[in-house]
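Let's take a walk through this protein together. Have the structure open beside you, and follow along one piece at a time.

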Amino acid sequence: MACLRMQSCFFFILTLCFWASNCVEFNDIFEPSWATDHVMYEGELLKLKLDNVSGAGFASKATYLFGKTGAQIKLVPGDSAGTVTAFYMSSEGTLHDEFDFEFLGNASGEPYIVQTNIYSNGTGNREQRIYLWFDPTADFHTYSFLWNHNQVVFFVDSVPIRVFPNNERLGVPYPKKQPMKVSSSIWNADNWATQGGRLKINWSHSPFISTYKSFDIDANESGVNAESGGVNENGSKWWDMPSYSKLSPLQRRMLRWVHRNYIIYDYCNDSTRFTTSPPECAGLRF
């Protein structure tokens with residue numbers, strides 16, 4: 001297991017830094033997963049392009065089990081209706097685990113919607129949607145996952161927007177055994193993404209570009225035996241320390257602020273889809 005941390009260390013050929021001082025090229029850590037010609041390197045930036053030919057995506061070569069992963073992203077500006085940019089972690093197979101940020105494109109002037117979802121042992125249908133409280137096309141913002149044995153936390157910058165606690169005691173599968181890749185993509189989802197599919201992509205505005213400036217991976221790399229990197233003086237990983245087992249009081253206040261002001265859909269409250277509330281929703285209060 002290895003603990004990798006890639007800071008904002010992008011040089012002329014898009015170079016990333018590890019926890020230590022050594023730097024590596026982007027292609028040493030990630031690789032295009034489809035449409036290589038739509039994955040573009042421009043100085044210190046990486047860009048994914050969607051046009052009427054194809055979208056694009058990339059994924060990490062390694063898989064990770066627990067830790068924190070994140071990326072600084074600037075989303076598609078202007079009329080992005082029908083497009084989806086995703087940043088996510090996922091394992092493979094029908095019984096896979098997955099954590100999703102999906103940024104749903106919009107008509108110019110409308111707020112961006114972020115849809116999050118969690119799959120555990122192949123079961124998803126746990127969508128939440130929020131409005132962002134800033135313009136995510138004007139500058140870079142950090143979107144990240146914290147993942148340990150106790151909880152999965154979705155962060156926008158330093159603000160937690162969602163928590164998925166370990167509820168195995170309630171019979172809810174929890175993602176704890178399947179290492180996952182770190183991935184991102186942009187694609188045509190105009191059959192559902194914007195106003196339920198009523199707004200389609202206006203291809204005269206293409207190409208649609210999502211831009212990335214840095215990545216941060218501080219996590220267990222599957223299959224690697226590391227003596228350092230994330231290990232504290234007691235020999236345990238930092239993400240298993242008690243301070244990360246639940247949100248701090250400040251983080252709980254921030255999460256309540258998001259849910260009171262910006263959440264627009266929560267599967268836990270959807271009695272049309274779920275005649276019986278999913279078990280993990282019981283008593284979920286912040």
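**Starting from the core**

What you're looking at is a predicted model, and a good place to begin is its inside. The largest nonpolar core has 57 residues, and among them Phe99, Phe101, Tyr143 and Trp147 touch the most other members. There's also a second, separate core of five residues, including Val84, Leu104, Ile113 and Ala189.

Now zoom out to the whole chain. The protein chain has 286 residues, and 52% of them are buried. Its secondary structure comes to two helices and 17 strands. If you count contacts between residues at least 6 apart in sequence, 66% of them join residues at least 24 apart. On the outside, the chain exposes about 13,100 Å², with carbon and sulfur atoms supplying 50% of that.

So how do the strands go together? Strands of a sheet pair through backbone hydrogen bonds, in either a parallel or an antiparallel way. Here, one open sheet is made of eight strands, in the order S3-S6-S15-S8-S9-S10-S11-S17, with antiparallel pairing. At its edges stand strand S3 (30-34) and strand S17 (263-266); each has a single partner strand, so one side of each is left without a neighbour in the sheet. On average, neighbouring strands of this sheet are turned by 15° against each other, ignoring direction.

Within that sheet, have a look at strand S8 (residues 83-90) and strand S15 (residues 181-188), an antiparallel pair joined by eight bridges. Val84 stands opposite Trp187 in S15, and you've met Val84 already, as a member of the second core.

There's another open sheet, this one with seven strands in the order S4-S5-S16-S7-S12-S13-S14, and the pairing is antiparallel. Its edges are strand S4 (39-42) and strand S14 (159-165), which have a single partner strand each, so one side of each lacks a neighbour in the sheet. Here neighbouring strands are turned by 25° against each other on average, again ignoring direction.

Let's follow part of this sheet from strand to strand. Strand S7 (residues 64-74) runs antiparallel to strand S12 (residues 141-147), with seven bridges joining them; Ile73 has His141 in S12 as its bridge partner. Next, S12 pairs with S13 over five bridges in the antiparallel sense, and the two form a hairpin with three residues between them. Trp147 has Val152 in S13 as its bridge partner. From there, six bridges link S13 to S14, which run antiparallel, and Gln151 sits opposite Pro165 in S14. In this second hairpin, two residues lie between the strands, and Asp157 takes a positive phi near 55°.

S13 deserves a closer look, as six of its six residues are buried. Gln151, Val153 and Phe155 are on one side, Val152, Phe154 and Val156 are on the other, and both faces are covered. Helix H2 (residues 249-261) lies across strand S13 (151-156) and S14, at about 100° to S14.

Last stop: Asn106, which UniProt lists as a "glycosylation site" in an unreviewed entry. You'll find Asn106 in the loop between strand S9 (98-104) and strand S10 (113-119). Is Asn106 buried or exposed? Its relative accessibility is 6%, and buried means under 20%, so Asn106 counts as buried. Leaving out residues up to four places away in sequence, Asn106 touches Gly78, Asp79, Ser80, Ala81, Pro111, Tyr112 and Thr194.

Conventions: Residues are numbered from 1 along each chain as its sequence is written. This is a predicted model: local features need pLDDT of at least 70, side-chain atom pairs count only at pLDDT 80 or more; totals for chains, interfaces and linings use all residues. Side-chain values use heavy atoms; hydrogens and water are left out. UniProt positions are given in the numbering used here, feature names are shortened, and annotations may be inferred rather than shown by experiment. Helices (H or I, at least four residues) and strands (E, at least two) are DSSP runs, numbered from the N terminus. Buried means under 20% relative accessible area, exposed over 50%, partly exposed in between (1.4 Å probe, protein chains only). Contact means heavy atoms within 4.5 Å. Two strands pair if DSSP finds at least two bridges between them. Axes are lines fitted to C-alpha atoms, for helices over the stretch in contact, and angles run from 0 to 180 degrees between N-to-C directions. A nonpolar core is a set of buried Ala, Val, Leu, Ile, Met, Phe, Trp, Tyr and Cys residues joined through side-chain atoms within 4.5 Å. Accessible areas come from the Shrake-Rupley method with a 1.4 Å probe; for residues, only the protein chains shown count as cover.
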